[in-house]
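Here is a short report on one protein chain. Look at the model first, then read on.

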Amino acid sequence: MTGALPFGVGDVVQVAELHYCYGLGTLTLRIVELGCRERHSDGLWINLRGVDLGDPRGPRQRRVLARIDAVRPAEPRSSAHVPVRPSWNCAGCGQEWPCPYRRRRLLQRYARERITLHIYLGMQLVDAASDLRHLPADTLNTRFLGWLPRPPDAGR
Ligand SMILES: [Zn+2]
């Protein structure tokens, strides 16, 4: 079996303690290299080289053998943090959209285009307002626009 893996180099994944050799607790690993696979009685395992992000002494390189179907993405991919209509909760993490993860990503992506970001969020706000009629307008305003950092020339 050499099917495509649901993870790859650069991904941050988590593996529960039972499903990798060896360590205590859940492993959080940024994959650096995919090694060879091994067939065992309980399934297909893979040798991974990566950076252990959960080590209390700080990130460090390590190799592990992990059961392939127990390897999970450590966090939903950014594209998954989209609003689910009509609830406007995040598809990725279930929090009110825009969730903290999406807010961070938006600020990164629009770092030099704050006006564009305002327009984008304003359009989302209009859509949300039509779905969330039970919420007061200022609640929605705060949720969609209130978290944005003030532009440097604000207040003049
Ligand atoms: Zn989210």
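This is a predicted model. Start inside it. The largest nonpolar core has twelve residues in all: Phe7, Val13, Val15, Tyr20, Leu27, Leu29, Ile31, Trp45, Leu48, Val64, Ala66 and Val71. Four elements give two or more residues each to this core: β1 (12-15), β3 (27-40), β4 (43-52) and β5 (60-67). The largest share comes from β3, with three residues. In general, nonpolar side chains tend to be buried together in soluble globular proteins.

Take one core residue and look around it. Leaving aside neighbours within four places in sequence, Leu29 is in contact with Val13, Leu48, Gly50, Val51, Asp52, Leu53 and Val64. A second, separate core has seven residues. Trp88, Cys90, Trp97 and Cys99 are among them.

**The sheet**

Now turn to the strands. Six of them form an open sheet, in the order β2-β5-β4-β3-β1-β6. The pairing is antiparallel. Which strands stand at the edges? They are β2 (20-21) and β6 (72-73). Each has a single partner strand, so one side of each is left without a neighbour in the sheet. As a general point, strands of a sheet pair through backbone hydrogen bonds, either parallel or antiparallel.

How many bridges join β3 to β4? There are nine, and the two strands run antiparallel. A hairpin also links β3 to β4, through two residues. On its other pairing, β3 meets β1 in the antiparallel sense over four bridges. The table picks out some facing residues.

| Residue | Opposite residue | Strand of the opposite residue |
|---|---|---|
| Arg30 | Val51 | β4 |
| Glu33 | Arg49 | β4 |
| Val15 | Leu27 | β3 |

Val15 and Leu27 are bridge partners, and both belong to the largest nonpolar core. Val51, the bridge partner of Arg30, is in contact with Leu29.

**The whole chain**

Step back from the sheet. The protein chain comes to three helices and eight strands. Read along the sequence, the pattern is β-β-β-β-β-β-β-β-α-α-α. Is the chain spread out or compact? Its radius of gyration is 21 Å, well over the 15 Å that the globule rule gives for 156 residues, so the chain is more spread out than a compact globule. The C-alpha atoms fill a box of roughly 65 × 35 × 25 Å, taken along the principal axes.

The domain assignment divides the picture. It gives domain 1 (12-73) and domain 2 (78-146). What separates their centres, taken over C-alpha atoms? The answer is 34 Å.

Two percentages describe the chain as a whole. Buried residues make up 15% of the 156 residues. Among contacts between residues at least 6 apart in sequence, 34% join residues at least 24 apart.

**One residue in a helix**

Finish with Arg105. Where is Arg105 found? It is in helix α1 (residues 100-109). Is Arg105 buried or partly exposed? It is partly exposed, with 15 other C-beta atoms within 10 Å. A buried residue would need 20 or more, and an exposed one would have 12 or fewer, so a count of 15 falls in between. Along the chain, Arg105 and His81 are 24 residues apart. Their C-alpha atoms are separated by 9.8 Å.

Terms used: Residues are numbered from 1 along each chain as its sequence is written. This is a predicted model: local features need pLDDT of at least 70, side-chain atom pairs count only at pLDDT 80 or more; totals for chains, interfaces and linings use all residues. A nonpolar core is a set of buried Ala, Val, Leu, Ile, Met, Phe, Trp, Tyr and Cys residues joined through C-beta atoms within 7 Å. Two residues are in contact if their C-beta atoms, placed from the backbone, lie within 7 Å. Two strands pair if DSSP finds at least two bridges between them. Domain bounds come from an automatic or database domain assignment. The radius of gyration is taken over C-alpha atoms; the globule rule is 2.2 Å times the number of residues to the power 0.38.
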